[in-house]
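User: Please examine one part of the model shown below in detail and place it in the context of the whole chain. Kindly state the cut-offs behind each term as it arises.

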Amino acid sequence: MANPKRKLSRASKGHRRAHLALTRAQLVRCTHCGAMIKPHTICKACGHYRGRQILVAENN
Ligand SMILES: [Zn+2]
């Protein structure tokens, strides 16, 4: 069985994981209603995407 020759030190493990941090999602303003949305997604507040109405609000 192929196995690592030596135990990986805590320092080495930490150095490798130094680049694994998560970043916050970027948010942009909806051009129609101004709500904060993820880029390239339909606005959940008003249903617009790239200046067009995509989703129509349900009347419950
Ligand atoms: Zn919107």
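The part in question is the site of the zinc ion, and the answer below begins there.

Analyst: This is a predicted model, in which local features need pLDDT of at least 70 and side-chain atom pairs count only at pLDDT 80 or more, while totals for chains, interfaces and linings use all residues. Residues are numbered from 1 along each chain as its sequence is written, and side-chain values use heavy atoms, with hydrogens and water left out.

Four cysteines hold the zinc ion through their SG atoms: Cys30, Cys33, Cys43 and Cys46, at 2.2 to 2.3 Å. Donors here are N, O and S atoms within 2.8 Å of the metal (3.2 Å for Na, K and Ca); as water is not among the atoms, sites may look incomplete. The angles among the four donor atoms run from 105 to 113°, and the site is tetrahedral, a label given to four donors if all angles lie between 85 and 135 degrees. Along the sequence, the donor residues follow the spacing C-x2-C-x9-C-x2-C. Both Cys43 and Cys46 are buried, that is, under 20% relative accessible area, where exposed is over 50% and partly exposed lies in between (1.4 Å probe, protein chains only).

Of the 60 residues of the protein, 10% count as buried. The protein contains one helix and four strands, in the order α-β-β-β-β from the N terminus; these are DSSP runs, with helices (H or I) of at least four residues and strands (E) of at least two. The radius of gyration is 23 Å, whereas a compact globule of 60 residues would be near 10 Å; the value is taken over C-alpha atoms, and the globule rule is 2.2 Å times the number of residues to the power 0.38. The C-alpha trace spans about 65 × 25 × 20 Å along its principal axes.

Two loop residues have unusual backbone entries to note. In the loop between strand S2 (36–37) and S3, His40 has a positive phi of about 65° although it is not a glycine. His40 counts as exposed because its relative accessibility is 72%. Arg50, in the loop between S3 and strand S4 (52–53), likewise is not a glycine and has a positive phi, near 50°. With a relative accessibility of 74%, Arg50 therefore counts as exposed.

Conventions
Tetrahedral: all angles 85-135°; square planar, octahedral: opposite > 155°, others 65-115°.
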